[in-house]
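Here is a short briefing on one protein chain. Keep the sequence and the 3D view open as you read.

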Amino acid sequence: MSSGHNQIIKIKIFINLNIFYQNGVKLIIDQAKNKVIAQIVKNLHRFSDENLIRLSYLAERIANDEDKPIVRFIRKMWEEKTPAAILAKNILKDLSDNCREKLAVNLFINSMLIGNTKRYEFEKKNGFIPPHFMVISPTMKCNLNCVGCYAGKYQKEELDFEIVDRVIQEGKEMGMYFVTISGGEPFTWPHLFKIIEKHNDVFFQIYTNGTLIDKKTAEKLSKIGNAAPAISVEGFGEETDKRRGKGTYQKVLKAMDNLREAHCLFGFSATPTRYNSEVLGSDDFVDFYIKKGCSFGWYFQYIPIGKEPDVSLMSTPEQRNNLRKRLSKIRDTKPIFIGDFWNDGPYIGGCIAGARPGGYLHINCNGDVEPCVFVHFAVDNIRNKSLKEVINSGFFKAIRDSQPYGSDNLLMPCMIIDHPRVLRNLVKKYSAKPTHLGSDSIVNDKKISKFLDDYAKEFMDLTKEDWEKEYKKRFKHWKEHLIKVH
């Protein structure tokens with residue numbers, strides 16, 4: 001072997017060792033930085049407002065360039081004592097030590113920082129960015145029988161522990177450290193606490209009717225720390241009991257008392273319909289649940305899917321648009337985090353279905369992988385495919401390529417109720433099968449299709465002016481971002 005060849009080999013070895021060293025140093029620095037951040041977040045409740053503002057300048061110095069504007073935005077919140085800053089202080093002050101630590105480490109460090117890095121590293125090797133989170137419904141069994149339940153027609157099968165465990169592990173390897181457990185009623189699934197405890201580096205959100213959260217369950221959630229229940233309500237007593245059954249409301253209030261006394265993070269989940277939309281958008285409603293201890297609230301418009309789909313239950317386009325405006329004001333004035341899933345399109349780049357970057361997918365109790373909790377069609381089953389294969393399927397890629405569904409009006413993000421022709425075409429093109437009896441009515445029932453087409457046109461007319469004047473320029477970057485990542 002020539003001396004020249006030996007020299008080349010030595011140079012290659014040196015370069016590889018240098019790269020390994022640099023990556024190792026970077027990893028050590030990143031790990032140290034994350035530990036410092038976690039310790040700061042865990043102890044924020046001990047800081048005065050003045051010290052928090054001083055601390056933000058240190059955070060800005062060590063932050064990545066893309067994160068510096070976020071740090072400055074947060075500092076401004078503290079300086080102006082906005083409702084969001086008050087909410088953050090209340091959360092950190094009121095949580096148990098375990099809940100506070102898991103919120104800091106699992107949600108802010110693992111999901112937002114480490115997870116984000118892993119998702120983009122995954123893209124370099126695999127050609128696509130994984131979604132931010134997933135929803136898993138391991139059971140559709142439920143102790144209630146609610147009117148118009150979106151999940152009421154699924155078979156009462158269950159996913160076993162091993163399937164859910166594998167999927168969550170695959171998700172973590174792709175950078176997904178946030179998992180929502182839905183149903184059915186998740187607290188009827190026998191493996192719920194086992195899966196939460198095993199994956200103690202993940203932050204879980206649990207959609208629940210709340211009736212099974214007694215003091216013992218609340219204390220267990222507080223001790224584990226990495227799960228936050230979102231409890232379903234329809235308004236106050238009259239609205240909740242009318243849809244969910246007599247006596248349910250009092251059980252919900254008791255569950256919230258139990259969670260608050262155990263110092264758990266929790267919130268509410270509400271379904272606006274034609275009959276309760278005004279109640280759900282009222283100051284009285286939001287103020288009441290803030291006093292009960294809710295730190296967040298999710299709004300999901302009623303969709304004619306699942307158990308006895310009924311388009312007459314849907315909020316009118318006017319009600320939906322009015323609620324959008326009301327919730328925007330509530331965000332600016334009240335210490336609670338509000339998510340409005342059909343009206344927040346401008347803030348999240350439109351529809352988040354189909355496992356798009358920043359989005360999610362849904363795995364139901366049969367293992368069918370649906371693009372969205374409310375799109376009950378699938379081409380793949382997680383029992384015989386990996387999460388990576390499912391996300392990269394032709395059906396899911398077509399959904400992502402279609403976003404934002406041929407319209408730049410992100411106030412109309414949904415392929416079910418805002419662009420129903422898109423859903424019909426995708427289901428037909430990819431022969432997506434209905435995931436329960438009757439779920440194809442949303443694309444095959446002519447009466448429902450006609451209603452949704454008319455609804456979409458009316459909502460477009462209502463929101464067009466607001467989009468053009470208030471949102472289009474501010475959120476132009478989202479459309480450019482979607483084009484880039486696809």
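The points below cover confidence, the sheet, a helix and one serine. The model is predicted. Its chain has an average pLDDT of 88, and 86% of the residues score at least 70. An open sheet of nine strands is the main topic here.

**Confidence**
- The pLDDT falls below 50 over residues 8-29.
- That stretch has one contact in the model beyond near neighbours in sequence.

**The sheet**
- The strand order is E7-E6-E5-E4-E3-E2-E1-E8-E9, and the pairing is mixed.
- Strand E7 (337-340) and strand E9 (369-370) stand at the edges.
- Each edge strand has a single partner strand, so one side of each is left without a neighbour in the sheet.
- Strand E8 (residues 362-363) pairs with E9 over two bridges, in the antiparallel sense.
- His 362 has Glu 370, in E9, as its bridge partner.
- Strands of a sheet pair through backbone hydrogen bonds, either parallel or antiparallel.

**A helix across the strands**
- Helix H6 (residues 161-174) lies across strand E1 (133-136), strand E2 (178-181), strand E3 (203-208) and E8.
- Helix H6 runs at about 170° to E1.

**Ser 232**
- Ser 232 sits in strand E4 (residues 227-233).
- Ser 232 counts as buried because its relative accessible area is 14%, and the cut-off is under 20%.
- Not counting residues up to four places away in sequence, Ser 232 touches Thr 208, Asn 209, Arg 244, Val 252 and Ser 269.
- Ser 232 and Gly 267 are 35 residues apart in sequence, and their C-alpha atoms are 8.9 Å apart in space.

Conventions:
Residues numbered from 1 in each chain as written. Predicted model: local features only at pLDDT ≥ 70, side-chain atom pairs only at ≥ 80, totals over all residues. Heavy atoms only, no water. Pairing = 2+ DSSP bridges. Helix = DSSP H or I, 4+ residues; strand = E, 2+ residues; numbered from the N terminus. Contact = heavy atoms within 4.5 Å. Axes fitted to C-alpha atoms, helices over the stretch in contact; angles between N-to-C directions. pLDDT = per-residue confidence, 0-100. Buried < 20%, exposed > 50% of the residue type's maximum accessible area, 1.4 Å probe, protein only.
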